[in-house]
Amino acid sequence: MDASQARQETLPGRLVSLDAYRGFVMLLMASEGLRIGEVAQSFANSPVWQFLAYQVDHVQWTGCSLWDLIQPSFTFMAGVALAFSYVSRKAKGQTQSQMLRHALVRSAALVLLGVFLRSVGRPQTYWTFEDVLSQIGLGYTFLFLLAGTRPRTQAVAAGLLLFGYWLAFALYPLPPQGFNYGSVGVEPTWHHLKGFAAHWDKNTNLAAAFDQWFLNLFPREQRFVFNGGGYLTLSFIPSLATMVLGLLAGGLLRGPRSGREKARYLLALGVAGILAGSLLDWLGICPVVKRIWTPSWTLYSAGWASLLLSAFYSVIDLGGRKRWAFPLVVVGMNSIAMYVLAHLESGFISESLRTNLGQHWPEFLGRVYAPIVEQTAVLFVLWLVCYWMYRRKLFLRI
């Protein structure tokens, strides 16, 4: 390795593609799917509208839509970013203990911010930990401890996390015959997973049982019995594996290989992840379920995240086509701000627009398209706030 390559590995620059990819994901999240699902109800016989509606909503259990890729993309990028920030902090002279303290504080801040946002509008703090911020926060310190290790160690750690989590679910007993699924919030019309895959069915798995104990250790309005969507606290374990895979991708990007080699590796790893996750699902070994972050989902979704990162990296950092990505970068460099604004201010913006422009202003293209028009306007206002912060170099970081 020559001196210039060594400098590239130890003092990495900022990846515009990573900011753009993060901005794309956050805009997608804040858009609320432009409420396309509401409009699609008026076009029940249109394959195009029904396809679009499917892509901007979570699948019921197994499978994947575009919307399901938001959280794993953000989680994957947390690992990619740490690969760069870890080296940058070391280059600035920070000690391991200083960086560890920062990681611990960041972990706690992310968890508590997630709890705070879920508690808005409730009579008391709503202690659950299934959202993306809390999930990243629960695993972030462990991710940091892996950041200074060799890629092989990181890969082994990800493998052990996934295998161990899979094994724990596989060994947990299935519900007895005649079990009352309604007692854990499973609808009578639910399509249960069959055979071995039933170990990953809704609200009757190991992690659901854990939450019935763990979440009741916190003060609550009423006793926790089940999560209506099937989401789980312990999903942070395979989610941590997603971050570790992102850490490996970040290590690749800051390494000495040529840009084209990096893009090809990301592409190949992405395809491998998608195929591996799909094969585990097809063989009945482990279903692809985003809501409970199964190990097969970890591989499958990280594969898609790697493909998308490869595409952004190839076009922006390798191809030099950066101007078009500026609106995405504005959001990507203030992703936490956009996340908080979207959760706290979207309703206020919508009401304010109706107050000042008229209650029926979104209907100028017709009442049926009003949800898309209104949500597009809300998204634009949110972007303007991020742009104002960008111009003034105000970046909300944790």
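Several helices share the job of lining the second largest pocket: α1 (3–10), α5, α8 (151–171), α10 (236–253), α11 (259–282) and α12 (295–318) each give at least two residues to its lining. Helices here are DSSP runs (H or I, at least four residues), numbered from the N terminus. The model is a predicted one, where local features need pLDDT of at least 70 and side-chain atom pairs count only at pLDDT 80 or more, while totals for chains, interfaces and linings use all residues. Residues are numbered from 1 along each chain as its sequence is written, and side-chain values use heavy atoms, with hydrogens and water left out.

So what counts as a pocket? On a 1 Å grid over the protein atoms alone, where a 1.4 Å probe is used, a pocket is an open set of points with protein on both sides within 12 Å along at least five of seven lines, and lining residues have an atom within 4 Å of a point. The second largest pocket has a volume of about 750 Å³, a volume being the space filled by probe spheres set on the points. Of its 32 lining residues, Leu247, Leu248, Ala249, Gly251 and Leu252 lie nearest the centre. The lining has 18 nonpolar, 10 polar and 4 charged residues (Ala, Val, Leu, Ile, Met, Phe, Trp, Tyr, Cys and Pro count as nonpolar, Asp, Glu, Lys and Arg as charged, and the others as polar).

Now look at the largest pocket, with about 950 Å³ of space. It is lined by 35 residues, and Arg14, Arg22, Ala81, Ser85 and Arg397 are the closest to its centre. Helix α5 (70–91) is among those that supply at least two lining residues, and its 10 residues are the largest share. By class, this lining holds 21 nonpolar, 7 polar and 7 charged residues.

Two of the helices around the largest pocket, α2 (16–30) and α14 (335–357), also pack together, at an angle of about 5 degrees with axes 10 Å apart (axes are lines fitted to C-alpha atoms over the stretch in contact, and angles run from 0 to 180 degrees between N-to-C directions). That makes α2 roughly parallel to α14, the word for angles under 35 degrees. Among the residues in contact (heavy atoms within 4.5 Å) are Arg22 and Met26 of α2 and Tyr339 and His343 of α14.

Finally, the axes of α5 and α6 come within 10 Å and cross at roughly 140 degrees. These two helices are therefore oblique to each other, a label for angles that are not under 35, over 145 or 65 to 115 degrees. Tyr86, Arg89 and Lys90 of α5 meet Gln96, Met99 and His102 of α6.
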